[in-house]
Amino acid sequence: IHPHFLFNNLNNLYAYALDNSPKTSDIILELSAVLRYMLYECQEAQVPLTREVEHLQHFVNLSRLQMEGRGTVDLQVSPVPESLRIAPLVLPVFVENAFKHSLSSDRDQVQIDIRLDVKDVDRLEFHCANTCSANSNTNDLASGIGLENVQKRLRLLYPNAHVLHTEQDEERYSVHLSLNLV
């Protein structure tokens, strides 16, 4: 668990609790699900893709609750075969970056689009795109260690079985990952 992730979420939760926000219990529930998965269910080299998708949904729900009306998040997941497995915590890195960089930009309205499809029985197609801005309170988008680490993990865990493509322009950052899961 990245300490910064936990610190930020606990600070946000504290602020919601002080305001007696009705969102407080939902944030606790989603944060608990995210932490449970990260602490207890990611001990194996591979996890069921269905569980990774559930984790992604909890993470998106948690982040969406804290957006405060600053935009929209569209998460679309096609049916996932129960038999498919994936290395844990590969996909959430891209989604976490999407939220981080969208919400840190000077835009009033952010848009985050996430799509996950299984094609040809065992090929995962993952797309994540988000609005961004040159003016933000984060440093260079491409310099993050999370993206660098996930690229290394993909090379080690899925040699010759993945294609990762990222693209950035002035208003949008997108990731496309094609991953053979067999």
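These legends describe close-up views of a predicted model.

**View 1. Helices α1 and α2 pack against each other.**
Helix α1 covers residues 3–18, and helix α2 covers residues 24–40. Their axes lie 9 Å apart and meet at an angle of about 160 degrees. Angles over 145 degrees count as roughly antiparallel, so α1 is roughly antiparallel to α2. The crossing of α1 and α2 is left-handed. From α1, the contact takes in Phe5, Leu6, Asn9, Leu10, Leu13, Tyr16 and Ala17. From α2, Thr24, Ile27, Ile28, Leu31, Val34 and Leu35 take part. By class, the residues of this contact are eleven nonpolar, two polar and no charged.

**View 2. Ser21 sits in the loop between α1 and α2.**
Ser21 has a relative accessibility of 17%. Buried means under 20%, so Ser21 counts as buried. Thr72 is 51 residues away from Ser21 in sequence. In space, the C-alpha atoms of Ser21 and Thr72 are 20 Å apart.

**View 3. Helices α3 and α4 pack at an angle of about 10 degrees.**
Helix α4 is formed by residues 91–103, and helix α3 by residues 49–65. The axes of α3 and α4 are 10 Å apart. Angles under 35 degrees count as roughly parallel, so α3 is roughly parallel to α4. The crossing of α3 and α4 is right-handed. On the α3 side, the contact residues are Glu52, His55, Leu56, Phe59, Val60, Ser63 and Arg64. On the α4 side, they are Leu91, Pro92, Val95, Glu96 and Phe99. This contact of α3 with α4 divides into seven nonpolar, two polar and three charged residues.

**View 4. Five strands build an open sheet.**
The strand order is β2-β4-β5-β7-β6, and the pairing is mixed. Strands β2 (71–77) and β6 (162–168) are the edges, each pairing on one side only. On average, neighbouring strands of the sheet are turned by 5 degrees against each other, direction ignored.

**View 5. Edge strand β2 pairs with β4 in the parallel sense.**
Seven bridges link β2 and β4. Gln76 has Arg115 in β4 as its bridge partner. Helix α3 lies across β2, β4 (110–119) and β5 (123–131). The helix runs at about 170 degrees to β2.

**View 6. The side chains of β4 alternate between two faces.**
Val110, Ile112, Ile114, Leu116 and Val118 point to one face and are buried. Gln111, Asp113, Arg115, Asp117 and Lys119 point to the other face and are not buried. In a regular strand, side chains alternate between the two faces of the sheet.

**View 7. Strands β4 and β5 form a hairpin.**
The hairpin has three residues between its strands. One residue here, Asp120, takes a positive phi near 50 degrees. Strands β4 and β5 pair in the antiparallel sense over eight bridges. Asp113 has Ala129 in β5 as its bridge partner. Val118 has Leu124 in β5 as its bridge partner.

**View 8. Strand β5 is mostly covered and pairs with β7.**
Seven of the nine residues in β5 are buried. Nine bridges join β5 to β7. The two strands run antiparallel. Leu124 of β5 has Leu179 in β7 as its bridge partner. Leu124 is also the bridge partner of Val118.

**View 9. Edge strand β6 pairs with β7, and helix α5 lies across both.**
Strand β7 covers residues 172–180. Seven bridges join β6 to β7, and the two run antiparallel. His165 stands opposite His176 in β7. Helix α5 (residues 145–157) runs at about 160 degrees to β6.

Key. Residues are numbered from 1 along each chain as its sequence is written. This is a predicted model: local features need pLDDT of at least 70, side-chain atom pairs count only at pLDDT 80 or more; totals for chains, interfaces and linings use all residues. Side-chain values use heavy atoms; hydrogens and water are left out. Axes are lines fitted to C-alpha atoms, for helices over the stretch in contact, and angles run from 0 to 180 degrees between N-to-C directions. Helices (H or I, at least four residues) and strands (E, at least two) are DSSP runs, numbered from the N terminus. Angles under 35 degrees count as roughly parallel, over 145 as roughly antiparallel, 65 to 115 as roughly perpendicular and the rest as oblique. A crossing is left-handed if the near helix is turned anticlockwise from the far one by less than a right angle, and right-handed if clockwise. Contact means heavy atoms within 4.5 Å. Ala, Val, Leu, Ile, Met, Phe, Trp, Tyr, Cys and Pro count as nonpolar, Asp, Glu, Lys and Arg as charged, and the others, Gly among them, as polar. Two strands pair if DSSP finds at least two bridges between them. Buried means under 20% relative accessible area, exposed over 50%, partly exposed in between (1.4 Å probe, protein chains only).
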